[in-house]
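Let's walk through this model together, beginning with its cysteines and moving on to its core and its main pocket.

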Amino acid sequence: RNQFSTWQMNFPARMPNGSRCPVCALGECGDPTCPSYRPKRPEVREAVENFIVQKCVGHFSETRPLTTYASVGSGTLGQDWIVLERLREVNLLPSRAIF
């Protein structure tokens, strides 16, 4: 947890091998009453991530590149990082991101 929020659910501070997690300051909403609270309903956020990636794959290409990613989510960029990593996996990493 950082000093900015009391409801934030951060990524773990340590990797399985014990080293510090480079993205541990990122997080998501940690409100257990939220319908997209990942520990309770992981399928909700996964569906959002899948939808974004599928739409991007269907719309962008090498000749029509994804140039800008704009964050519109709440939280502390945790889900944005997941989406950007998934876009990178399908060769659609934008050249800039606006948070």
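Cys 24 is buried, with a relative accessible area of 11%; buried here means under 20% relative accessible area, with a 1.4 Å probe and protein chains only. Cys 56 is buried too, at 12%. Please keep in mind that this is a predicted model, where local features need pLDDT of at least 70, side-chain atom pairs count only at pLDDT 80 or more, and totals for chains, interfaces and linings use all residues. Residues are numbered from 1 along each chain as its sequence is written, and side-chain values use heavy atoms, with hydrogens and water left out.

Why does Cys 24 have no bond to Cys 21? The closest cysteine sulfur to that of Cys 24 belongs to Cys 21, and at 5.6 Å it is too far for a bond. Across the whole structure, the search finds zero disulfides, a disulfide being a pair of cysteine sulfur atoms within 2.5 Å.

Cys 56 brings us to the largest nonpolar core, where it joins Val 53, Leu 66, Tyr 69, Val 83, Leu 84, Leu 87 and Leu 92. Such a core is a set of buried Ala, Val, Leu, Ile, Met, Phe, Trp, Tyr and Cys residues joined through side-chain atoms within 4.5 Å. The helix α2 gives the most to this core, three residues; helices are DSSP runs of H or I, at least four residues, and strands are E runs of at least two, numbered from the N terminus.

Tyr 69 is in contact (heavy atoms within 4.5 Å) with residues including Asp 80, Val 83, Leu 84 and Leu 87, leaving aside residues up to four places away in sequence.

Methods. Buried means under 20% relative accessible area, exposed over 50%, partly exposed in between (1.4 Å probe, protein chains only).
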